[in-house]
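Here is a friendly walk through one model, with an eye on its helices and its packing. Please have the sequence and the coordinates open as you read.

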Amino acid sequence: MSLWSRITAALESLRAGEPLSAVFDRLRAPPERSVAFTIGVIALGAKLAKADGTVTRDEVAVFRSVFTIPAAEERNAARIFDLARQDVAGFDAYARKIAGLFPAGVPVLRDLLEGLFHVAMADGRFHPAEEAYLRQVAEAFGLGERCFRVMIGRFVPGSEPDPYDMLELAPDADLDAARAAYRRLVRESHPDALRARGVPEEAVKLAEARLKSLNRAWEEVRERAAA
């Protein structure tokens with residue numbers, strides 16, 4: 001079965017009345033975590049798309065900026081989005097269940113939040129209701145305020161992430177510490193690392209934008225140190 005067919009089967013189980021906990025329990029095993037990740041982005045993203053009161057074509061189509069969807073799977077992907085959008089379960093239930101699939105603090109939850117920011121910014125606006133929604137999801141995922149600030153800086157027009165926040169550094173960190181942090185985060189953001197922690201092949205391009213942001217942060221820290 002393809003990724004999209006497996007996701008459809010999982011969501012159909014929900015629609016048939018199987019408890020959310022039972023469906024997510026089946027997704028705990030590492031081979032199925034790519035399904036869990038994709039359900040997370042689509043289910044939470046479908047609810048996020050309604051946070052500002054409207055669901056636009058852009059917000060539906062934005063999944064193409066997160067996932068590479070083969071032409072043969074377009075119908076399944078659209079059906080998944082519709083199933084998730086219609087589901088009666090609250091987003092907080094989804095967020096808690098998805099967080100429970102992974103050990104606390106693992107980078108995959110940051111990957112997932114990043115995918116949701118892509119959805120939020122699909123229409124070029126960052127609505128206060130979307131910010132409140134994403135903040136609650138970040139809290140459910142156990143992600144701190146610094147991580148949330150970095151996402152705001154990376155995705156919201158007119159904002160720029162603080163380079164020390166981006167590299168998870170104290171403001172007074174020296175260049176050696178910055179270099180070590182930069183190298184660690186680059187390793188974590190490599191496409192192979194994303195695949196290893198359950199991000200599906202279809203979504204590893206999330207790494208590309210993050211690597212660009214890390215490179216900019218490192219260059220800015222180096223420039224400040226040389227000034």
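A residue is called buried when its relative accessible area is under 20%, exposed when it is over 50%, and partly exposed in between (1.4 Å probe, protein chains only). Helices are DSSP runs (H or I, at least four residues), numbered from the N terminus. The model is predicted, so local features need pLDDT of at least 70 and side-chain atom pairs count only at pLDDT 80 or more, while totals for chains, interfaces and linings use all residues. Residues are numbered from 1 along each chain as its sequence is written, and side-chain values use heavy atoms, with hydrogens and water left out.

**Two helices with two sides**

Let's begin with helix 14, whose buried residues are Leu 206, Ala 207, Arg 210, Ser 213, Leu 214, Ala 217, Trp 218 and Val 221. They lie on the same side of helix 14 because they cover an arc of only 140° around the axis, the arc being that of the directions from the helix axis to the C-beta atoms. On the other side of helix 14, the exposed residues are Glu 208, Lys 212, Arg 216, Glu 223 and Ala 226.

Helix 12 buries Ala 178, Ala 181, Tyr 182, Leu 185 and Ser 189. Their arc is only 105° around the axis, which puts them on the same side of helix 12. Asp 176, Arg 183 and Arg 187 are exposed on the other side of helix 12. The cover over its buried residues includes helix 8, helix 11 (163–166), helix 13 (191–196) and helix 14.

The expected span of a helix is 1.5 Å times one less than its number of residues, and the table sets it beside the distance between the end C-alpha atoms.

| Helix | Length | Expected span | End C-alpha distance |
|---|---|---|---|
| Helix 14 (206–226) | 21 residues | 30 Å | 31 Å |
| Helix 12 (175–189) | 15 residues | 21 Å | 21 Å |

**The core**

A nonpolar core is a set of buried Ala, Val, Leu, Ile, Met, Phe, Trp, Tyr and Cys residues joined through side-chain atoms within 4.5 Å. The largest one has 54 residues, and those touching the most other members are Phe 37, Leu 44, Phe 67, Leu 113, Phe 117, Leu 134 and Phe 141. Helix 3 gives the largest share of this core, nine residues. A second, separate core of 14 residues includes Val 150, Leu 214, Ala 217 and Trp 218.

**A helix pair**

Helix 3 and helix 8 pack at an angle of about 35°, with their axes 9 Å apart. Among the residues in contact (heavy atoms within 4.5 Å) are Phe 37 and Leu 44 of helix 3 and Leu 112 and Leu 116 of helix 8.

Note on methods:
Helices (H or I, at least four residues) and strands (E, at least two) are DSSP runs, numbered from the N terminus. Axes are lines fitted to C-alpha atoms, for helices over the stretch in contact, and angles run from 0 to 180 degrees between N-to-C directions.
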